[in-house]
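Thank you all for coming this morning. I would like to take a few minutes to walk through one protein chain, beginning with its overall layout and then moving through its parts in turn.

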Amino acid sequence: STPYYDDGESNIEFAARLDAAIIPPFYNNSAGQISSSPGNAAAFVTDQGLFFPGANLRIKPGFGAQIYNFTTGLNYTILVTGAAGQEQIGIDAGNPN
């Protein structure tokens, strides 16, 4: 019943990612991890939301599903707009957080 911390990324892996100019994660990857059956990180659960590594999708409380645009650097919230019976999918103007 002793809690433990498991980052899942060695210092060498972290340094290689930075040296290769790969964008570091936009979330705290030391938080709760959801793993696939082979043990790979499939998602991270943080106080800020649910994040999917390698994807541009997150689910954030108060916003819902958001898509990240690497060009603009903004997260766009998926919205349903239109009158009843004429609903359409839309996105908002973007959120930098």
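What follows is a tour of the fold, the pairing of its strands, and a few chosen residues.

I should say at the outset that this is a predicted model, so please take the values that I quote as computed from it. The secondary structure of the protein chain comes to one helix and seven strands, and if we read from the N terminus the helix comes before the strands, in the order α-β-β-β-β-β-β-β. Of the 97 residues in the chain, 18% are buried. The accessible surface comes to about 6,900 Å², and carbon and sulfur atoms account for 58% of that area. If we take the contacts with a separation of 6 or more, residues 24 or more positions apart account for 8% of them.

Let me turn to the sheet. The seven strands form an open sheet whose order is β1-β2-β3-β4-β5-β6-β7, with antiparallel pairing. Strands β1 and β7 stand at the edges, and because each has a single partner strand, one side of each is left without a neighbour in the sheet. On average, and ignoring direction, neighbouring strands of this sheet are turned by 25° against each other. As a general reminder, strands of a sheet pair through backbone hydrogen bonds, either parallel or antiparallel.

Now to the individual pairs, starting from the β1 edge. Strand β1, residues 32-35, and strand β2, residues 41-46, are antiparallel and pair over four bridges, and within that pairing I34 stands opposite A43 in β2. The hairpin that these two strands make has five residues between the strands, and G39 takes a positive phi near 100° there. On its other side, β2 pairs with strand β3, residues 49-51, again in the antiparallel sense, over three bridges. Here F44 has F51 in β3 as its bridge partner, and the hairpin of β2 and β3 has two residues between the strands.

Further along, strand β4, residues 57-60, runs antiparallel to strand β5, residues 64-69, and four bridges join them. The bridge partner of L57 in β5 is I67, while the hairpin of β4 and β5 has three residues between the strands, with G62 taking a positive phi near 85°. Four bridges also join β5 to β6, and these two strands run antiparallel. I67 appears again in this pairing, where it stands opposite Y76 in β6. The hairpin formed by β5 and β6 has four residues between them, and G73 in the turn has a positive phi of about 75°.

That brings me to the surface, and to a question that I think deserves a moment: which residues form the nonpolar patch? They are L57, I67, I78, V80, I89 and I91, and together they have about 560 Å² of accessible area. The elements that give two or more residues to this patch are β6, residues 74-81, and β7, residues 88-91. One of the patch members, I78, is found in strand β6, and because its relative accessibility is 34%, I78 counts as partly exposed.

I would like to finish with two further residues. The first is L50, which has its place in strand β3. Is L50 buried or partly exposed? The threshold for buried is under 20% relative accessible area, and L50, at 22% relative accessibility, therefore counts as partly exposed. Leaving aside its neighbours within four places in sequence, L50 is in contact with I34, A43, F44, V45, R58 and I59. The C-alpha atoms of L50 and G32, which are 18 residues apart along the chain, are separated by 9.6 Å.

The second is N97, which is found in the segment after β7 and which, at 55% relative accessibility, counts as exposed. Beyond its neighbours within four places in sequence, N97 is nevertheless in contact with R58, K60 and N75. Along the chain N97 and Q48 are 49 residues apart, and their C-alpha atoms are separated by 9.8 Å. R58 is thus among the contacts of L50 and also among those of N97.

I am happy to go back to any part of the chain during the discussion.

How values were computed:
Residues numbered from 1 in each chain as written. Predicted model: local features only at pLDDT ≥ 70, side-chain atom pairs only at ≥ 80, totals over all residues. Heavy atoms only, no water. Buried < 20%, exposed > 50% of the residue type's maximum accessible area, 1.4 Å probe, protein only. Contact = heavy atoms within 4.5 Å. Areas by Shrake-Rupley, 256 points an atom, 1.4 Å probe, with all protein chains shown as cover. Patch = residues over 30% accessible without salt bridge, like charges linked within 9 Å, V, L, I, M, F, W, Y side chains within 5 Å. Salt bridge = Lys/Arg side-chain N within 4 Å of Asp/Glu carboxyl O. Pairing = 2+ DSSP bridges. Axes fitted to C-alpha atoms, helices over the stretch in contact; angles between N-to-C directions.
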